[in-house]
Amino acid sequence: MTRPILWTSTRTSGSIVHQMAALSGLDIDIRFISLRNGEHKTPDYLAINPKGEVAALQLPDAGVTITEIPAMALWLAEAAPDSGLLPRDAVGRAKGMEWLCWCHFRMANVFFITFQAKMLADGDEAMAAALRATSKARARKVLEFADAALGRIPHGTLLGTPGITAPDIFLVALTGFASFLDFATDDLVHLSALAAKVAAHPAVAAAMAREKEIG
Ligand SMILES: N[C@@H](CCC(=O)N[C@@H](CS)C(=O)NCC(=O)O)C(=O)O
C-alpha cells in the first residue's frame with residue numbers, strides 16, 4: 001500500500017470526507033463499501049476500523065487508520081497545506097477545528113437522533129416519533145444559527161475565506177440532511193449560497209458525480 005485509502009459509502013457521512021479528500025487534491029484511493037450488505041462488519045474491515053463505521057482513512061504507514069470527521073479533515077489539511085481545507089495560521093486553524101467540532105457534535109446529537117430514532121427508542125414507535133419531532137425542530141435551529149453566522153462573516157464562508165474550507169463542506173452536508181428530515185432550507189439564504197458554492201467546486205462536483213454513478 002503506497003497511498004492512503006479512504007473507506008466510505010455513498011449517502012452516508014462518509015461523503016463529507018470524500019468531498020474533503022477531493023478538495024485536498026491528494027492521491028487517495030477511494031473505496032466504497034456497502035453498509036446495506038454489511039461490508040463494514042466483515043473481519044477484514046473491522047481489522048482496519050474496529051468501530052465498524054465509515055468513513056475511515058487508512059494511512060500507508062502500517063496499522064494507522066484515522067476515523068472521526070474532524071480528525072480526518074485535520075490530517076488531510078496537514079497533508080495538503082495549500083489546499084485551503086483549513087487555514088495555515090494557528091488561530092485560523094483553531095477556528096476551523098471549532099466549526100468542524102460544532103458540526104460533528106450537531107450531526108451526532110441532533111441529526112443522527114432522527115435517523116436512529118427507532119434504535120434509540122428500543123423499537124418503541126411512539127417514542128421514536130417523539131424523538132424525530134424534537135430533533136427536527138432542533139435541526140432547523142442549528143441551521144438557522146449557522147445561517148446567521150454566515151451572514152456576519154466575509155465571503156459567506158465559515159472562516160471568512162474566499163474559497164471553501166473543510167468546515168464549509170461539513171455544514172453544507174448537514175444542510176443536505178434537512179431534506180431527509182423533510183423541511184425546507186431555501187429561506188436560509190446564506191446557507192443556500194454556501195451550498196451552491198460548495199456544489200460548484202470542481203473537485204467536490206466530481207466526487208459527488210462519482211457517488212451518484214455508484215448509487
Ligand atoms: N463519528 C463518526 C460517525 C461515523 C458513522 O456513524 N458512520 C455511519 C454512516 S453515516 C456508519 O458507518 N454506520 C454504520 C453502523 O453504525 O453500523 C464520524 O465522524 O465519522
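**Exercises on the ligand site and backbone**

In this predicted model, an oxygen atom of the ligand is 2.6 Å from an N or O atom in the side chain of H104.

**Exercise 1.** Determine how much of the ligand surface the protein buries, and identify the polar side-chain atoms of K41 and E68 as further partners of the ligand.

*Solution.*
Step 1. Begin with H104, whose side-chain N or O atom is 2.6 Å from a ligand oxygen atom.
Step 2. Turn to E68: one of its polar side-chain atoms lies 2.6 Å from a nitrogen atom of the ligand.
Step 3. For K41, the distance from a polar side-chain atom to a ligand oxygen atom is 3.4 Å. This pair counts as a polar contact because the cut-off is within 3.5 Å.
Step 4. Considered alone, the ligand exposes 510 Å², and the protein buries 77% of that area.

**Exercise 2.** Which residues surround the ligand, how do they divide by class, and in which pocket does the ligand sit?

*Solution.*
Step 1. List the surrounding residues: T12, S13, H40, K41, E53, V54, E68, I69, H104 and F112.
Step 2. Sort this shell by class, which gives three nonpolar, four polar and three charged residues.
Step 3. Place the ligand: it occupies the largest pocket.

**Exercise 3.** Describe the backbone at V54, A55 and R11.

*Solution.*
Step 1. V54 and A55 are joined by a cis peptide bond, with omega about 5°.
Step 2. Locate A55 in the loop between α2 (43–48) and β3 (56–58). V54, its partner in the cis bond, is also among the residues surrounding the ligand.
Step 3. R11 is not a glycine, yet its phi is positive, at about 55°. R11 is placed in the loop between β1 (5–8) and α1 (14–24).

**Exercise 4.** What is the helix and strand content of residues 1–84 and of residues 89–215?

*Solution.*
Step 1. An unreviewed UniProt entry lists residues 1–84 as "domain: GST N-terminal". This stretch is 33% helix and 15% strand, and its end C-alpha atoms are 27 Å apart.
Step 2. An unreviewed UniProt entry lists residues 89–215 as "domain: GST C-terminal". Here the chain is 75% helix and 0% strand, with the end C-alpha atoms 38 Å apart.

Terms used
Residues numbered from 1 in each chain as written. Predicted model: local features only at pLDDT ≥ 70, side-chain atom pairs only at ≥ 80, totals over all residues. Heavy atoms only, no water. Near = heavy atom within 4 Å. Polar contact = N/O pair within 3.5 Å; in protein donor to acceptor, adjacent residues only side chain to side chain. Areas by Shrake-Rupley, 256 points an atom, 1.4 Å probe, with all protein chains shown as cover. 1 Å grid on protein atoms, 1.4 Å probe; cavity = no way out; pocket = protein on both sides within 12 Å on 5 of 7 lines; lining within 4 Å. Sits in = over half its atoms within 2 Å of the grid points. Nonpolar A, V, L, I, M, F, W, Y, C, P; charged D, E, K, R; others polar. UniProt positions renumbered as here; feature names shortened; annotations may be inferred. Helix = DSSP H or I, 4+ residues; strand = E, 2+ residues; numbered from the N terminus.
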